[in-house]
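Subject: Structure for your review

Dear colleague,

Please find the structure below, together with its sequence. I would be grateful if you could read the notes that follow with the model open beside you.

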Amino acid sequence: MTDSSAPGKEPSAIDTSVPHSARIWNYWLGGKDNYPVDRAAGDQFRQAFPGVVDVARASRQFLTRSVRYLAGEAGIRQFLDIGTGLPTADNTHEVAQRVAPDSRIVYVDNDPLVLTHARALLTSTPQGATDYVDADLREPDQILAAAPARWTSTSRSR
Ligand SMILES: C[S@@+](CC[C@H](N)C(=O)[O-])C[C@H]1O[C@@H](n2cnc3c(N)ncnc32)[C@H](O)[C@@H]1O
């Protein structure tokens, strides 16, 4: 992975004059990382599709239930969260590590805005690890090449 994947790298300029998909999603989830233009676009979208807020929240709840099951009953310890979005309540590593503190999570997103918020995702337990890869899901080889390195002990608990 290139240096551009490193959280803390100089972020791209954030344009708050146009709506942004990750911030609109954050708005629908009840988050605070959004701007008036995102809320206006989110409300406009909701007029066309009134169920969208329920869809966003149900989708997030599904993620939580799935990760809890995988870390618990299924015994999974490595998670690749592609299309991470902005940090929210109950991020994947928080759900997994509550059940299994040694869980290791690599987040992947291609949005520069998400990269600027990625530090909030790097709050691993001492027993586990979290990391962030700035990559496009349409380039799975790049993701699969980067993730194992991020799962090693060098990236543990920051
Ligand atoms: C609707 S949000 C989902 C957030 C979170 N996973 C959730 O369940 O609440 C979709 C995320 O996917 C990311 N995304 C969209 N296309 C992508 C791509 N080609 N590669 C990587 N990430 C992508 C967006 O930047 C955005 O953060």
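What covers the buried residues of α4? The cover includes α3, β1 (78-82), β2 (104-109) and β3 (129-134). The buried residues of helix α4, which spans residues 92-99, are Thr 92, His 93, Val 95, Ala 96 and Gln 97. Please bear in mind that this is a predicted model.

The overall layout

The chain contains six helices and three strands. Read from the N terminus, its elements follow the order α-α-α-β-α-β-α-β-α. Of the 158 residues in the chain, 40% are buried. Among contacts with a separation of 6 or more, 66% join residues that lie 24 or more positions apart in the chain.

How α1 packs against α2 and α3

Helix α1 packs with α2 (residues 36-48) at an angle of about 70°, and the two axes are 9 Å apart. Angles of 65 to 115 degrees count as roughly perpendicular, and α1 and α2 are therefore roughly perpendicular to each other. On the α1 side, Arg 23, Ile 24, Tyr 27 and Trp 28 take part; they meet Val 37, Asp 38, Arg 39, Ala 41, Gly 42, Asp 43, Phe 45 and Arg 46 of α2. Sorted by class, this contact has six nonpolar, one polar and five charged residues.

Helix α1 also packs with α3, at an angle of about 90° and with the axes 9 Å apart. By the reasoning used above, α1 and α3 are therefore roughly perpendicular to each other as well. Here Trp 25, Tyr 27 and Trp 28 of α1 touch Val 52, Val 53, Ala 56, Arg 57 and Ser 59 of α3. The classes in the contact of α1 with α3 are six nonpolar, one polar and one charged. Tyr 27 and Trp 28 thus appear in the contact with α2 and in the contact with α3.

The largest pocket

Rolling a probe the size of a water molecule over the atoms shows where empty space is left. The largest pocket in this model has a volume of about 290 Å³. Its lining is formed by 17 residues, and those closest to its centre are Trp 25, Gly 83, Thr 84, Gly 85 and Leu 86. Two elements, α1 (21-28) and α3 (52-71), give two or more residues to this lining. The largest share, four residues, comes from α1. By class, the lining has six nonpolar, seven polar and four charged residues.

With kind regards

Conventions
Residues are numbered from 1 along each chain as its sequence is written. This is a predicted model: local features need pLDDT of at least 70, side-chain atom pairs count only at pLDDT 80 or more; totals for chains, interfaces and linings use all residues. Side-chain values use heavy atoms; hydrogens and water are left out. On a 1 Å grid over the protein atoms alone, a cavity is a set of points where a 1.4 Å probe fits but cannot get out, and a pocket is an open set with protein on both sides within 12 Å along at least five of seven lines; lining residues have an atom within 4 Å of a point. Grid points are joined across faces, edges and corners, and a volume is the space filled by probe spheres set on the points. Ala, Val, Leu, Ile, Met, Phe, Trp, Tyr, Cys and Pro count as nonpolar, Asp, Glu, Lys and Arg as charged, and the others, Gly among them, as polar. Axes are lines fitted to C-alpha atoms, for helices over the stretch in contact, and angles run from 0 to 180 degrees between N-to-C directions. Angles under 35 degrees count as roughly parallel, over 145 as roughly antiparallel, 65 to 115 as roughly perpendicular and the rest as oblique. Contact means heavy atoms within 4.5 Å. Buried means under 20% relative accessible area, exposed over 50%, partly exposed in between (1.4 Å probe, protein chains only).
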